[in-house]
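This report introduces a structure to a reader who has not met it before. Please consult the sequence and the model while reading the sections below.

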Amino acid sequence: MGTRAHQCSPETLVIRHGVALWTGRAGDTTAARDLFAALVPVRQRVQGPEHPDALGSRHELAVWTGIAGDARGALDQFAELLPIRERVLGPEHPDTAETRREGNRRGVERRV
């Protein structure tokens, strides 16, 4: 896929996110989860662990973890991500609200 710098360019990270998302939407939920699992640490290293795009990839990792059949793993990821998004983006931000909704669907409120 080219040089390491190219693999970590902002444009490439956006494309990798899109490929992972559409892989899941095309029906390969396990591959989507695995692609997001590979993308998250790269985004955290390149953009910082609290960059909105890195948090967005973490959100999608939690979503696809649940869809791929690991409800407990998804629940744990949403429970960890929600307070970070609340602090970084604010409690009323649309992305925070989406993480809250997805987490609630999986029982984060009952756990926290």
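## A salt bridge between helices H5 and H6

In this predicted model, a salt bridge joins the side chains of Glu86 and Arg100, with an N to O distance of 3.1 Å. The two partners belong to distant parts of the chain: Glu86 is in helix H5, Arg100 is in helix H6 (residues 94-105), and they are 14 residues apart.

Glu86 has a relative accessible area of 29% and is therefore partly exposed. Arg100 also falls into the partly exposed class, because its relative accessible area is 24%.

## A salt bridge within helix H6

Helix H6 also holds both partners of another pair, Arg105 and Glu102, which are three residues apart, or about one turn of the helix. The side chains of Arg105 and Glu102 form a salt bridge at 3.0 Å, N to O.

How do the two partners stand with respect to the surface, buried or exposed? Arg105 has a relative accessible area of 61% and so counts as exposed. Glu102 is buried, because its relative accessible area is 11% and the limit for a buried residue is under 20%.

## A salt bridge from helix H5 to a loop

Arg87 and Glu50 are also linked through their side chains, in a salt bridge of 2.6 Å from N to O. This pair connects distant parts of the chain, with the two positions 37 residues apart in numbering: Arg87 lies in helix H5 (residues 71-89), and Glu50 lies in the loop between H3 and helix H4 (52-67).

Arg87 counts as exposed because its relative accessibility is 54%, and the exposed class begins over 50%. Glu50, with a relative accessible area of 35%, is partly exposed.

How many salt bridges does a search of the whole structure find? The search finds seven; the pairs described above include Glu86 with Arg100 and Arg105 with Glu102.

## A nonpolar patch on the surface

Which residues form a nonpolar patch on the surface? The patch consists of Ile15, Val19 and Leu35, and together these residues have about 250 Å² of accessible area.

Leu35 is located in helix H3, which spans residues 29-47. Leu35 has a relative accessibility of 35% and therefore counts as partly exposed. That value also meets the requirement for patch residues, because they need over 30% relative accessible area.

Key. Residues numbered from 1 in each chain as written. Predicted model: local features only at pLDDT ≥ 70, side-chain atom pairs only at ≥ 80, totals over all residues. Heavy atoms only, no water. Patch = residues over 30% accessible without salt bridge, like charges linked within 9 Å, V, L, I, M, F, W, Y side chains within 5 Å. Areas by Shrake-Rupley, 256 points an atom, 1.4 Å probe, with all protein chains shown as cover. Salt bridge = Lys/Arg side-chain N within 4 Å of Asp/Glu carboxyl O. Helix = DSSP H or I, 4+ residues; strand = E, 2+ residues; numbered from the N terminus. Buried < 20%, exposed > 50% of the residue type's maximum accessible area, 1.4 Å probe, protein only.
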